[in-house]
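Q: I'm new to this one and would like to talk through its charged side-chain pairs. Could you take me through them slowly?
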Amino acid sequence: MADALRYFVVEADALPEVFRHVMHAKELLASGAAKSAAQAARMAGISRSAFYKYKDAVFTYNERGADRIITLHLVLQDRPGVLAPVIAAFYQAGANILTLNQNIPVSGAAPVSISASTDGMKGSMEELLSSVRAIEGVQSIENISGNPNQVQNAQSNR
């Protein structure tokens, strides 16, 4: 089994100069000032190989938070009172619901999509999924987006 990833928060001035240049190149790409990685690297004063070597390992503190947003697709039985305990499970786990979309039920099943920030989670993602799976009326749960290491697809036949 591979070693778990470890992260450090380090003041930018303490980092080797190449890391600051990689961040500058990423900012140039994100803003549209550079049209390609090669152009961004050139504008930032580093080689393309240095950019590609570090681009996925160096990021701003806030940028990394995007990995902590998950989107789940649930199918719920179409009957009163099923969605409320699902929302309560997110609340109890410390996940902050960002968006919730419930579509019109078809054939007794209501599709629901929930996007949530996992920054404040008290337990693991598997614990949240287990608590949602245990709710009567939850037919299935599927990860639409988010870090696949955080959320694994889960199915229930309730």
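A: Gladly, and one term should come before the rest: a residue counts as exposed when its relative accessible area is over 50%, as buried when that area is under 20%, and as partly exposed in between. Please also keep in mind that this is a predicted model.

Q: OK, so how many salt bridges does a search of the whole structure find?
A: The search, run over the whole structure, turns up three salt bridges.

Q: Which residue does Lys55 pair with?
A: Lys55 forms its salt bridge with Asp56, and the closest N and O atoms of the two are 3.2 Å apart.

Q: And is Asp56 buried or exposed?
A: Asp56 has a relative accessible area of 59%, so it counts as exposed, while its partner Lys55, at 25%, is partly exposed.

Q: Switching over to Glu136, which side chain does it meet?
A: Glu136 meets the side chain of Arg79 in a salt bridge, with an N to O distance of 3.6 Å. This pair links distant parts of the chain, 57 residues apart, since Glu136 sits in the loop between α6 (125-133) and β4 (138-145), and Arg79 in the loop between β1 (69-77) and α5 (83-93).

Q: What about the accessibility of Glu136?
A: Glu136 is exposed, with 61% relative accessibility, whereas Arg79 is partly exposed at 34%.

Q: Then which residue does Arg133 meet?
A: Arg133 and Glu126 meet through their side chains in a salt bridge of 2.7 Å, N to O, and Glu126 is partly exposed, its relative accessible area being 35%.

Technical notes
Residues are numbered from 1 along each chain as its sequence is written. This is a predicted model: local features need pLDDT of at least 70, side-chain atom pairs count only at pLDDT 80 or more; totals for chains, interfaces and linings use all residues. Side-chain values use heavy atoms; hydrogens and water are left out. A salt bridge is a side-chain nitrogen of Lys or Arg within 4 Å of a carboxyl oxygen of Asp or Glu. Buried means under 20% relative accessible area, exposed over 50%, partly exposed in between (1.4 Å probe, protein chains only). Helices (H or I, at least four residues) and strands (E, at least two) are DSSP runs, numbered from the N terminus.
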